Amino acid sequence: MPQNGEINEQFGVYRSLCCGIEITMPQGSTFPDCPNHRKLSTVWKAGTSGPLWKAGELPIAKTDKPAA
Ligand SMILES: [Zn+2]
């Protein structure tokens, strides 16, 4: 599972294991510290307590560039 400081490789909602804080992480963004535990390693678990998206239903799942 990714930790703070790592680059997110897959868009999605991630939840901190320590506090259950949920964040939406665009691909290529850096996982932040948990706001409650800035000096500790924060592990982010993919997924959310809410409904999960299926592959192919993600808002920005496609990387294809639109036709010019
Ligand atoms: Zn925390």
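1. Three strands make up an open sheet, ordered β2-β1-β3, with antiparallel pairing. The strands at the edges are β2 and β3, each of which pairs on one side only. From one strand to the next, the twist averages 40 degrees. The model is a predicted one, and what follows should be read as a description of that model.

2. The sheet accounts for the secondary structure listed for this protein: it has 3 strands and 0 helices. Read from the N terminus, the order of elements is β-β-β. The order along the chain and the order in the sheet are thus two separate items, the latter being β2-β1-β3.

3. Strand β1 covers residues 12-16, and 4 bridges pair it with β2 in the antiparallel sense. Two of the residue pairs can be named here. G12 has M25 of β2 as its bridge partner, and V13 is placed opposite T24, also in β2.

4. The connection between these two strands is a hairpin: 5 residues separate β1 from β2. Within the turn, G20 has a positive phi of about 75 degrees.

5. On its other pairing, β1 is joined to β3 by 3 bridges, and the two strands run antiparallel. Y14 has A46 of β3 as its bridge partner, while R15 is found opposite K45 in β3. A general point is useful when looking at such strands: in a regular strand, side chains alternate between the two faces of the sheet.

6. Strands β2 (22-25) and β3 (44-46) are linked by a loop, and F31 lies in that loop. Is F31 buried or exposed? F31 counts as buried because it has 20 C-beta neighbours inside 10 Å, and the cut-off for a buried residue is 20 or more.

7. Which residues does F31 touch, leaving out those up to four places away in sequence? They are P2, Q3, N4, G5, E6, N8, M25 and W44. One of these, M25, is the residue in β2 that bridges to G12. F31 can also be located relative to V43: the two are 12 residues apart in sequence, and their C-alpha atoms are 9.0 Å apart in space.

8. C34 is another residue in the loop between β2 and β3. C34 has 21 C-beta neighbours inside 10 Å, and therefore counts as buried.

9. Setting aside neighbours within four places in sequence, the contacts of C34 are S16, C18, C19, I21 and T42. C34 and R15 are 19 residues apart along the chain, and 9.7 Å separates their C-alpha atoms. R15 is the residue already mentioned as standing opposite K45 in β3.

10. Two totals describe the protein as a whole. Of its 68 residues, 10% are buried. Where contacts between residues at least 6 apart in sequence are considered, 53% join residues at least 24 apart.

Note on methods. Residues numbered from 1 in each chain as written. Predicted model: local features only at pLDDT ≥ 70, side-chain atom pairs only at ≥ 80, totals over all residues. Helix = DSSP H or I, 4+ residues; strand = E, 2+ residues; numbered from the N terminus. Buried ≥ 20, exposed ≤ 12 C-beta atoms within 10 Å, placed from the backbone. Contact = placed C-beta atoms within 7 Å. Pairing = 2+ DSSP bridges. Axes fitted to C-alpha atoms, helices over the stretch in contact; angles between N-to-C directions.
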